[in-house]
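Student: I have a new structure to look at. Can you take me through the reasoning behind the words people use for it?

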Amino acid sequence: VESTHAFLGSPLPPVSPELQLAAPFQPREHIVFCLFGDRCSCSGFFLDLVPLVVVGIWVVMPVVVRYFVMMLECRSNWFLEAGALKWGSRAVGAEMACFEDEHLLVGVLVLAGTVIWVALPILGLLAATKELVRRYSLWGWKTQRLAGYFCQGLAPRFWYWELIVKRGDVLLILAANRIPSSQTRLAAHLILAAAALTLQECCQPL
């Protein structure tokens, strides 16, 4: 910021203490990423990658969950076993009985992947954001640098809304999409939509 003003030939005007307290964003030079800056150190480069990695994991999370749910999807149908026609539940897209032998191993791997790709990132972001909000407030530059993507436009007491409520809504919708019965699936979507709208209207997080 200072170097930009010096280059343009106008000094950076002083900021009064009252304005610093009133303004939600305080102009600081290190708010800007130094990924390709002249003065960026190696440690600064990797520190600047942290918010980008966090947002990347957050964006791909619904895709990962969708494929996990697809791997566990089962349907009841007639199938051949040892030359005999039997009725049972089979994994969709695979010739294996649901949650038996190989498919049980798939279920264990899906559970482990859900913990790694869904539970741990959400819990880690919640813990980190809560600590940053406690120490620097929601609009502090350190909080905004790491968690600003998830807190934009929210009231300070609802800093967790995107991390818990909205992400939980997305995950529930992905799970409801795999319900075999179309009537039950439609009812589930209507219930989720009504619950989300009611919660949004009652809490007013924005």
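Tutor: Start at one residue. Gly-153 sits just after helix 5 and takes a positive phi of about 80°. Keep in mind that this is a predicted model.

Student: Which residues other than glycine have a positive phi?

Tutor: Ser-137 is one of them, with phi near 75°. Ser-137 lies in the loop between helix 4 (102–136) and helix 5 (141–151). Gln-204 is another, with phi near 50°. Gln-204 is found in the segment after helix 7 (182–203).

Student: Why is Ser-137 called partly exposed?

Tutor: Its relative accessible area is 38%. Buried means under 20%, and exposed means over 50%. The value for Ser-137 falls in between, so Ser-137 is partly exposed.

Student: What makes Gln-204 partly exposed?

Tutor: Apply the cut-offs again. Gln-204 has a relative accessible area of 45%. That lies between 20% and 50%, so Gln-204 counts as partly exposed.

Student: Back to helix 5. Why does Gly-148 count as buried?

Tutor: Gly-148 lies in helix 5. Its relative accessibility is 6%. The cut-off for buried is under 20%, so Gly-148 counts as buried.

Student: Which residues of helix 5 are buried?

Tutor: They are Thr-143, Gln-144, Leu-146, Ala-147, Gly-148, Phe-150 and Cys-151. What covers them includes helix 3, helix 4 and helix 6.

Student: How do you know that helix 3 is roughly parallel to helix 5?

Tutor: Two packed helices are described by the angle between their axes and the distance between the axes. The axes of helix 3 and helix 5 come within 9 Å and cross at roughly 20°. Angles under 35 degrees count as roughly parallel, so helix 3 is roughly parallel to helix 5. The crossing of these two, helix 3 and helix 5, is right-handed.

Student: Which residues meet where helix 3 and helix 5 pack?

Tutor: On the helix 3 side they are Leu-47, Asp-48, Val-50, Pro-51, Val-54, Val-55, Trp-58 and Val-59. On the helix 5 side they are Arg-145, Leu-146, Tyr-149 and Phe-150.

Student: Why are helix 4 and helix 5 called oblique?

Tutor: Their axes come within 10 Å and cross at roughly 125°. Roughly perpendicular runs from 65 to 115 degrees, and roughly antiparallel needs over 145. The angle between helix 4 and helix 5 fits neither range, so the two are oblique to each other. Helix 4 passes helix 5 in a left-handed crossing.

Student: Which residues meet between helix 4 and helix 5?

Tutor: Helix 4 brings Leu-125, Ala-128, Thr-129, Leu-132, Val-133 and Tyr-136. Helix 5 brings Lys-142, Thr-143, Leu-146, Ala-147, Phe-150 and Cys-151.

Student: What makes helix 6 roughly antiparallel to helix 7?

Tutor: Helix 6 and helix 7 pack at an angle of about 170°, with their axes 9 Å apart. Over 145 degrees counts as roughly antiparallel, so helix 6 is roughly antiparallel to helix 7. Among the helix 6 residues that meet helix 7 are Trp-161, Val-165 and Leu-172. Their partners in helix 7 include Arg-185, His-189 and Leu-192.

Student: Which residues of the largest nonpolar core touch the most other members?

Tutor: This core has 18 residues. Trp-58, Met-61, Ile-122, Leu-125, Phe-150, Trp-159 and Leu-163 touch the most other members. Helix 3 (42–72), helix 4, helix 5 and helix 6 (161–176) each supply at least two residues of the core. The largest share, 6 residues, comes from helix 4.

Student: What is Ile-122 in contact with, leaving aside its neighbours within four places in sequence?

Tutor: Ile-122 is in contact with Trp-58, Met-61, Leu-163 and Arg-167.

Student: How many helices and strands does the whole protein have?

Tutor: The protein has 7 helices and 2 strands. Along the sequence the pattern is α-α-α-β-β-α-α-α-α. Of its 206 residues, 26% count as buried. The protein exposes about 13,900 Å², and carbon and sulfur atoms supply 68% of that area.

Definitions and conventions. Residues are numbered from 1 along each chain as its sequence is written. This is a predicted model: local features need pLDDT of at least 70, side-chain atom pairs count only at pLDDT 80 or more; totals for chains, interfaces and linings use all residues. Side-chain values use heavy atoms; hydrogens and water are left out. Helices (H or I, at least four residues) and strands (E, at least two) are DSSP runs, numbered from the N terminus. Buried means under 20% relative accessible area, exposed over 50%, partly exposed in between (1.4 Å probe, protein chains only). Accessible areas come from the Shrake-Rupley method with a 1.4 Å probe; for residues, only the protein chains shown count as cover. A nonpolar core is a set of buried Ala, Val, Leu, Ile, Met, Phe, Trp, Tyr and Cys residues joined through side-chain atoms within 4.5 Å. Contact means heavy atoms within 4.5 Å. Axes are lines fitted to C-alpha atoms, for helices over the stretch in contact, and angles run from 0 to 180 degrees between N-to-C directions. A crossing is left-handed if the near helix is turned anticlockwise from the far one by less than a right angle, and right-handed if clockwise.
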